Amino acid sequence: MGKYILKRILIAIPVLIGITIIDYAIMCLAGSPLEMLQGPRVSEAALEAKKIAMGLDKPVYIQYFVWLGQLLRGNMGYSIKSYQSVSAMIGSHLGPTLLLMGVSLLVSLLLAVPAGIYSAVHQYSKGDYAVVTVSFLGSSIPGFFLSLLLIYLFTVKLKVLPSSGMVTLGTGGGAGDIARHMVMPVMVLAASMAGSNIRYIRSAMLEILQQDYLRTARAKGIGRFQVIYKHALRNALVPIVTVIGMQIPLLFGGAIIIEQVFSWPGLGLMTMSAIGSRDYPVIMGVCLLSAVVVLLGNLVTDIVYALVDPTIQLQ
Amino acid sequence: MGKGIVFMKNRNKEKKKKEMVTESYLQTVFRRFKRHHLAAFSLVVLALVCGAALLAPVIAPYEPEAIVGPFGGAPCREFLLGTDQIGRDVLSRLLHATRISLLVGIMATVISTVIGVVLGLLAGYFGGVIDMVIMRFTDMVMSFPYILLVLVAASIFQPGLWNIILILGFVDWPGVARLVRGNVLSLRETNFVKGNIVAGMPLRHILFSEILPNTVAPILVYATSVLALSMLDEAALSFLGMGVQPPMPSLGNMLNGAQSLTVLTRQPWLWLPPGLLIVLLVVAINFVGDALRDALDPNSEKR
C-alpha cells in the first residue's frame, strides 16, 4: 500500500517538471516581454539595459531555472497589463471558480449516480433507453448554446434568474443572491458532466451486477434493495472515484467558457480577458496552476482507488 | 521448402474458414449496427447533413458572404431562415458553415488519430525507455486542461481555419495514444505476433500489417468521439471569437452574435438554427459511435 503510493508519487515528479518546461516553452514561444515595452520613445540602449536587468541575455535553460526558482518561492511573475503579481490575481479569482466547480461537480454526481444505477439495474427497459438518450443529449449540447437557451428561457421570458455576475449590483449580495446567480452556470456545467458520467457509471454498474458475489448475495435471499444498495453500490465506488478524477480537467475547461458567458468573476473570466490582451504571464500562470491541480487530482484519484479497492496494484 | 508447405496449409485453412462462415465480418457488423435504431436513424441524418454541406455551393440560394437582403430580416419565403445583421442569407451561411465545421472536425480528428496511433504503437511495442518517455509526455499534455491549451495556442498563432485544425489536431491525441498502447501491449503477447517476431519479419510489417489492423475497431470508435469533441471545441472557440474568423461562416461564429441581448431576444432565427444543428450533428455522431462500439465488439453476441 505505502509502496504503491510512493511509486505513484515518484512517477508524478518527472511529469510535474515536464509541465513546468512545457509551460515555460509556451511562454517563450508567445514572445519576449520586451516587445511590450517597444515604442518610439524607448531607445535601443534602454531596451538593452532592461534585457540585462531581466536576465534575457542569458541562455534559455538558465532563464528557465531562474524562473523555476522564483516559482518555488511563490513568485509567478507580474501581469503586463495591471502590474499586479500573478499569484495575487489568481488568489483573488480562485474562490468564485472553486465554488462554481464544486457545486457543479456535486450536482452532476447527484444526477448521475442514481440515474446510472437505475439504468444499469433496469437494462434495456424504457427507462434505461430514456436515461441513455438524455445522457447523450447532455454531453452533446455545447455549453455556451445551452447557456443561451437558459438565459433566453429564465432571464428573458420568465424573468426569474439573473443572467450575469455573482451578486446583484448595488446590493450587499448574501448567500441567497449568490445562489440565484449560480443556478444557470451550475445547470450548464452539471448537464455536460452528468451526460458522460451517467454512461460511465451505467456500464461500470452493469459489469458489477454480473459478478459472482452478487449472485451469491441474491441467492441468500436478502432482497433486491439490499443487494443493490449494500453490495453493488459499495463496489460502484471505484467507478465513481474515477468519474470525479476525470472531471477535474473538464471542469477547468468548461468553467472558462461558462464564466465568460455568465460573466462569473472567477479564474475563467480573468483568463479570457488575459488572452484578449495577450497577458502571457497571467495566462501561463493559470495554465500551470490548472495543470498542477489536474496532476494532483489524478494522484489523489489513484491513491483513493487503492484505498477503496485493495486488489489494485501498480503494475 | 518447409516454409512453402506451411504456407499451403494456411491457405487451405483460410478457405475452410470462409466456407464455414457464411457471413463476412462487414456483414456481421452491419447487421449488429442495424439493431440500434437510433444509430441507424442518426446515420441517415448524418448522411443528409453531410450531403447538404458538400453540395452547399450548388444548393445554397445565395452567396454566403454576399449582402442580399434587409438587415436582420425575419424568415420569409424569399429568405427561408431570415437574414443576419448585415443582410446576408442565414440559410446559405448555415449550409456553408456546416461544411466548414465538418471540415475542421474531420481534419482535426485525422491529424490527432494519426499522431496518437504512431506514438501509441511505438510506446506499446518497444516498451522500456521509449514507452516511458512517450507516456510521461502524454501525461504532461493531458494535465493541461484541453480547452485552455487550445485557447492559448489560438492566442499565440493567428486564429484562422487551418490554424484551428492544426491546433485541435495537435492537442487531442493523448487519448488515442493511450488506447493504442494498451491494445498493442496485449496484442504483443499473442501467438501470431510472437510467431512473426520468431520468423524474423521486418518491424514495419509487424507494426503496420499485423498489430495495427487488430486495433482498428477501437480506434475507429474512439475517433467518432474525437470527431464529436473537435466539432464542439471548434464551435466554442469560434463562439469566443478565437476560431474560424468571419466573414467565413462556421456553426460557432454564427452563434457569436447571440451574445448581444437584441439578437438573443428579438432575432432567434440568427442563433437557434446553428446551435440546434451542432447539437443534432454531435448527438448523431455520438449515437453512431456508440452503436459502432457494440457492432465491432467481437464479444457483443455472447451477452
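Here are a few exercises, with worked solutions, on the nonpolar cores and salt bridges of this predicted model.

**Exercise 1. The largest core**

Find the residues of the largest nonpolar core that touch the most other members, and the helix that supplies the largest share of this core.

*Solution.* Start with the core itself, which has 133 residues. Within that set, Phe144(A) and Trp271(B) touch the most other members. Now look for the main contributor: helix α14 of chain B, residues 268–296, brings in 17 residues, the largest share.

**Exercise 2. Around Phe144(A)**

Work out what Phe144(A) is in contact with once you leave aside its neighbours within four places in sequence.

*Solution.* Take chain A to begin with: Phe144(A) is in contact with Ile257(A) and Val261(A). Then go over to chain B, where the contacts of Phe144(A) are Ala235(B), Ala236(B), Phe239(B) and Leu255(B). Don't stop at this core, though: another one, of 21 residues, lies apart from it, and includes Leu109(A), Ile208(A), Leu209(A) and Val227(A).

**Exercise 3. A salt bridge between two helices**

Which residue forms a salt bridge with Arg181(B), and which parts does the pair tie together?

*Solution.* The partner is Asp131(B), with the closest N and O atoms 2.6 Å apart. Next, place both ends: Arg181(B) sits in helix α9 (residues 174–188) of chain B and Asp131(B) in helix α6 (residues 128–143) of chain B, so the bridge ties together parts 50 residues apart in sequence. Finally, check burial against the 20% cut-off. Asp131(B) has 12% relative accessibility, so it counts as buried. Arg181(B), at 21%, is partly exposed.

**Exercise 4. Two more pairs**

Describe the salt bridges of Lys194(B) and Arg293(B), and say how exposed their acidic partners are.

*Solution.* Lys194(B) pairs with Glu189(B), and the closest N and O atoms are 3.8 Å apart. Both ends are partly exposed, with relative accessible areas of 40% for Lys194(B) and 48% for Glu189(B).

Arg293(B) forms its salt bridge with Asp290(B), again with 3.8 Å between the closest N and O atoms. These two are three residues apart in helix α14 of chain B, so about one helical turn separates them. Asp290(B) is partly exposed, at 28% relative accessible area.

**Exercise 5. The wider tally**

How many salt bridges does the structure hold over all chains, and which residues are joined into one network by salt bridges that share partners?

*Solution.* Over all chains, count eight salt bridges. Then look for shared partners: Arg136(B), Asp139(B) and Arg178(B) are joined into one network.

Terms used. Residues are numbered from 1 along each chain as its sequence is written. Chains are lettered from A and ligands numbered from 1 in the order in which they are written. This is a predicted model: local features need pLDDT of at least 70, side-chain atom pairs count only at pLDDT 80 or more; totals for chains, interfaces and linings use all residues. Side-chain values use heavy atoms; hydrogens and water are left out. A nonpolar core is a set of buried Ala, Val, Leu, Ile, Met, Phe, Trp, Tyr and Cys residues joined through side-chain atoms within 4.5 Å. Buried means under 20% relative accessible area, exposed over 50%, partly exposed in between (1.4 Å probe, protein chains only). Helices (H or I, at least four residues) and strands (E, at least two) are DSSP runs, numbered from the N terminus. Contact means heavy atoms within 4.5 Å. A salt bridge is a side-chain nitrogen of Lys or Arg within 4 Å of a carboxyl oxygen of Asp or Glu.
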